[in-house]
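Please walk me through this model in the viewer, one selection at a time. I would like to know what to pick next and what is there.

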Amino acid sequence: MTTRKWKTLFIALAALNIIGIITVFLLISLPVKDEPISEKLVQNDDIEFQVHANREDLNLLIAQYLEKEGFTGIINYEVLLTDEVELFGTVKMFGREVELKLTFEPIAQKNGDLVLVQKTISLGQMGLPVSYVMNFINKQFKTPDWVTIQPNQKQIYVSLQNMKLKSDIKVKAKKFDLENDDISFILSVPSL
């Protein structure tokens, strides 16, 4: 081979090395491309958890809530979950205590609230119209703001979403099957 060919090949090889070094240097000095942030990460939606409960635990929670919040009045009452929602109380009539018992069928609503549809009612041995007794209860019972007694519809509307809990946690009833002890809620925690 001639010297000229060697010279040409040497210069071509040197040029390739220089181009390679410059390319590597440029790639190293260019900024890293940012990945786009997922929309799910920047949304301000609530974070939801599903919670399963049983009647026994809910009975303890309800009793503790009624005691702590002081929901007593002329009528002392308690709520008990069995195969249905039972409300027991005593009321003073004609100078003596008269027992009161109402039973309700709970129905979870699509919006997460509960409707308690009245099933049976007894006030001592008296047979009184349901709407009359529920109206009496509505006037005499001290209930939370998120509980509405509706005598004409013979039901109690429990707006769980309006229940005030610490840290602005919201509660929604998902399933409320007392007969099978299958109760679940959705807890919504505000995202930051």
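Select phenylalanine 176. In this predicted model, its relative accessible area is 12%, and because buried means under 20%, phenylalanine 176 counts as buried.

Now add phenylalanine 185, which is buried as well, at 11% relative accessibility. A pair of aromatic rings is described by the distance of the centres and the angle of the planes. For phenylalanine 176 and phenylalanine 185, the ring centres are 6.0 Å apart and the planes stand at 75°, so the pair is edge-to-face. The count of aromatic pairs in the structure is 1.

Keep both phenylalanines on screen and add Phe104, Ile156, Val158 and Leu160. Together with Phe176 and Phe185, these residues touch the most other members of the largest nonpolar core, which has 33 residues. In soluble globular proteins, nonpolar side chains tend to be buried together.

Next, centre the view on valine 158. Which residues does valine 158 touch, not counting residues up to four places away in sequence? They are Asp113, Leu114, Leu116, Trp146 and Val147.

Leave the core and turn to charged side chains. Side chains of opposite charge can pair when their charged atoms come close. The structure holds 5 salt bridges, and the next stops show some of them.

Select lysine 172 and glutamate 48. Their side chains form a salt bridge, with 3.6 Å from N to O. Lysine 172 belongs to strand β8 (residues 170-177) and glutamate 48 to strand β1 (residues 47-53), so the salt bridge ties together parts that are 124 residues apart in sequence. Lysine 172 has a relative accessible area of 26%, which makes it partly exposed.

Select aspartate 83 and arginine 55. The closest N and O atoms of this salt bridge are 2.8 Å apart. Aspartate 83 sits in the loop between β2 (76-81) and β3 (85-93), while arginine 55 is in helix α3 (residues 55-69); the two are 28 residues apart, and the pair links distant parts of the chain. Is aspartate 83 buried or partly exposed? At 48% relative accessibility, aspartate 83 is partly exposed. Add Asp181 to the selection: a network of salt bridges links Arg55, Asp83 and Asp181.

For the last stop, select aspartate 182 and lysine 175. A salt bridge joins their side chains, at 3.0 Å from N to O. Aspartate 182 is partly exposed, with a relative accessible area of 27%. Lysine 175 is also partly exposed, and its value is 39%.

Methods:
Residues are numbered from 1 along each chain as its sequence is written. This is a predicted model: local features need pLDDT of at least 70, side-chain atom pairs count only at pLDDT 80 or more; totals for chains, interfaces and linings use all residues. Side-chain values use heavy atoms; hydrogens and water are left out. A salt bridge is a side-chain nitrogen of Lys or Arg within 4 Å of a carboxyl oxygen of Asp or Glu. Helices (H or I, at least four residues) and strands (E, at least two) are DSSP runs, numbered from the N terminus. Buried means under 20% relative accessible area, exposed over 50%, partly exposed in between (1.4 Å probe, protein chains only). Rings of Phe, Tyr and Trp (its six-membered ring) pair if their centres lie within 6.5 Å; planes under 30 degrees apart count as stacked, over 60 as edge-to-face and the rest as tilted. A nonpolar core is a set of buried Ala, Val, Leu, Ile, Met, Phe, Trp, Tyr and Cys residues joined through side-chain atoms within 4.5 Å. Contact means heavy atoms within 4.5 Å.
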